[in-house]
Every structure is written in C-alpha cells, then in structure tokens.
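Subject: Structure for you to look at, with notes

Dear colleague,

I am passing on the structure that we spoke of, and below it you will find my notes on what turned up when I went through it. Please read them with the model open beside you.

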Amino acid sequence: ENNIIFVGPEPEAMAALGDKVTAKAVARKAGIPLIESNIEILKDEETAIREANRIGYPLMLKSASGGGGRGMRVVRTDQDLRKSFHEARSEAKNAFGDDTVFLEKFIENPKHIEVQIVADQHGNIIHLFERDCSVQRRFQKVVEIAPSVSLKQSTKDQLYQYATKIASEVQYSNLGTVEFLVDIHENIYFIEVNPRIQVEHTVTEMITGVDLVKTQIYIASGYKLTDPEIDL
C-alpha cells in the first residue's frame, strides 16, 4: 500500500506455502506425492488417536507452523500419542504462536533432500540443484552436502520437476527451498516449502557460483532470470 518492495515471495505465495498443512494441499493439487497424513483436524486427543489408527503407526507428530525440529515427536503407539499430543501442542504454541499439529506416516531412515528454486516476477522458474541434509540431530540439520552423492540421476531429475511445479502452482517469485524425503527405494515424498532464503543457501552458492543474496535483490527489483545482472 506504501509502495515498499519486500525481498521475497508475494504474500499470497507466503500464505499458501508458509504453513505445512496448506502447502500439502498445494502439492496434492499439483500431483506431487505426499506422505499420508490426517484428514480430520486434530482438535483433540481422541481425534488424533482415531486418525492415527486409520493411517497406521509409526507416525510423526508435527507442528503445522513449525521448523527447526520443534514440536516434532515420533509416536509408535496410542500411548505414545496420548503422552506427546499436548506436549507437542504446547511446544508449538510457545515457539510459533500456533498450536496446530498434524500427523503423517513416519518414513524410517529416509534421505532428506531440499531443492533450491529461483523464480522471477515474469513466470520464469529454475532450480539450482539439491542439497542433502540427511545428517541430523533431534530433527535439526547438522551437515549439508551438495550435490547428493547417493541418489540416482533420474530421482534427482524428478525432484527438480516437483520443486519447480509446486512453485509454478502458486506463481512463486524470488528464492525458496522445496523439501522432500526419499526412502530406501528412492520413492519421493513432499514435506514442505521454505518460502525464503535459508542459511544453507551458501552450500548451493559453493557448487553453482551464483550469489543468491544478490539474485534475490535483483528479482525483487523486477529483473528477469535471463538478464545479465542476475548472471545465472
């Protein structure tokens, strides 16, 4: 309203992708595979138990607005879920001001892969390959490797396609990261989108030579990805 340009995606894209539950709805519409999760809103413990038994244990209990591993619990029985449900909601409320939680099928020993996307305000979307952040402690990333050394190229190509497709679905602009889990059979499952630049962006800068901080400022200024100033 005051002609201020914010460096980042449009508010509509932020609203669609900034919450893990709404982001899953976007991914589902785009035909991107998802980990099975609750259908009913988990308004109370009994609803959570009912949905957990429909999906089947083991499950991951997560904060809808969360990040950094906060509000996350692995639950393997009804007893685990009863113990963790209110703890997770309380932790999510304290950390993010939102106590919404959801359940999804727990994938044992997956690879955690994130794809860096770059999009301008003119409908051009590209990826800058992947980062493998499977080395974690307490659901927080410890080491990131780029490119991933163990995935088949066909799996990587599919990850790139899914990442750019979900960005296109919400007319995304500027930088973002699309995160996936890949199981031992290299089946891909969408997790979430971080609609912003991340601290891990420097790993991608090292393998591509692209200054992502400079790039996001040029994009916010209206430049196209094909313009020489962006230098992709």
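Helix H4, which spans residues 78–96, lies across S1, S2 and S3, and its direction makes an angle of about 165° with S2. Please keep in mind throughout that this is a predicted model, and that what follows is computed from it.

The three strands that H4 lies across form an open sheet in the order S2-S1-S3, with antiparallel pairing. Strand S2 (73–75) and strand S3 (101–105) are the edge strands, each of them pairing on one side only, and the twist from one strand to the next averages 30°. Between strand S1 (residues 59–63) and S2 the antiparallel pairing runs over three bridges, and here Leu59 has Val75 of S2 as its bridge partner. S1 and S3, also antiparallel, are joined by five bridges, with Leu61 facing Leu103 of S3 as its bridge partner. Although S3 is an edge strand, it is mostly covered, since four of its five residues are buried. Helix H3 (residues 45–55) lies across S1 and S3 and runs at about 15° to S3.

The other sheet is also open, and it consists of five strands in the order S6-S5-S4-S7-S8, again with antiparallel pairing. Its edges are formed by S6 and S8, each of which has a single partner strand, so that one side of each is left without a neighbour in the sheet. Direction ignored, neighbouring strands of this sheet are turned by 35° against each other on average. Strand S5 (residues 125–137) and S6 run antiparallel and are joined by four bridges, and in S6 the residue that partners Arg137 is Gln140. Helix H7 (residues 212–220) packs on the sheet, where it touches S4, S5 and S7, and its direction makes about 125° with that of S7. Helix H5 (residues 153–169), for its part, lies across strand S4 (111–119), S5, strand S7 (174–182) and S8, at about 115° to S5.

Turning to charged contacts, a search of the whole structure finds 19 salt bridges, and I would draw your attention to three pairs.

The pair I would look at before the others is Glu114 and Arg131, whose closest N and O atoms are 2.9 Å apart. This pair links distant parts of the chain, with Glu114 in strand S4 and Arg131 in strand S5, 17 residues apart. Are these two side chains buried or exposed? Glu114 counts as buried because its relative accessibility is 0%, and Arg131 counts as buried because its value is 1%, the cut-off for buried being under 20%. Both residues also belong to a network of salt bridges in which Lys141, Glu144, Glu179 and Glu200 are linked with them.

The second pair is Glu108 and Arg76, whose side chains meet in a salt bridge at 3.1 Å, N to O. Glu108 lies in the loop between S3 and S4, whereas Arg76 lies in the loop between S2 and H4, so the pair ties together parts that are 32 residues apart in sequence. Glu108 is partly exposed, with a relative accessible area of 40%, and Arg76, at 43%, counts as partly exposed as well.

The third pair takes us back to helix H4, where Glu87 forms a salt bridge with Lys83, the closest N and O atoms being 3.7 Å apart. Because Glu87 and Lys83 are four residues apart in this helix, they are separated by about one helical turn. Glu87 is partly exposed, at a relative accessible area of 35%, while Lys83, at 57%, counts as exposed.

On the surface, Val135, Val142, Val143, Ile145 and Val149 make a nonpolar patch of about 440 Å². Strand S6 (residues 140–145) gives the most to this patch, with three residues. Val143, which is found in strand S6, is partly exposed, with a relative accessible area of 39%.

Lastly, Val199 sits in the loop between strand S8 (188–194) and helix H6 (201–208), and at 72% relative accessibility it counts as exposed. Its C-alpha atom is separated by 29 Å from that of Asn2, which is 197 residues away along the chain.

With best regards

Methods: Residues numbered from 1 in each chain as written. Predicted model: local features only at pLDDT ≥ 70, side-chain atom pairs only at ≥ 80, totals over all residues. Heavy atoms only, no water. Patch = residues over 30% accessible without salt bridge, like charges linked within 9 Å, V, L, I, M, F, W, Y side chains within 5 Å. Areas by Shrake-Rupley, 256 points an atom, 1.4 Å probe, with all protein chains shown as cover. Salt bridge = Lys/Arg side-chain N within 4 Å of Asp/Glu carboxyl O. Helix = DSSP H or I, 4+ residues; strand = E, 2+ residues; numbered from the N terminus. Buried < 20%, exposed > 50% of the residue type's maximum accessible area, 1.4 Å probe, protein only. Pairing = 2+ DSSP bridges. Axes fitted to C-alpha atoms, helices over the stretch in contact; angles between N-to-C directions. Contact = heavy atoms within 4.5 Å.
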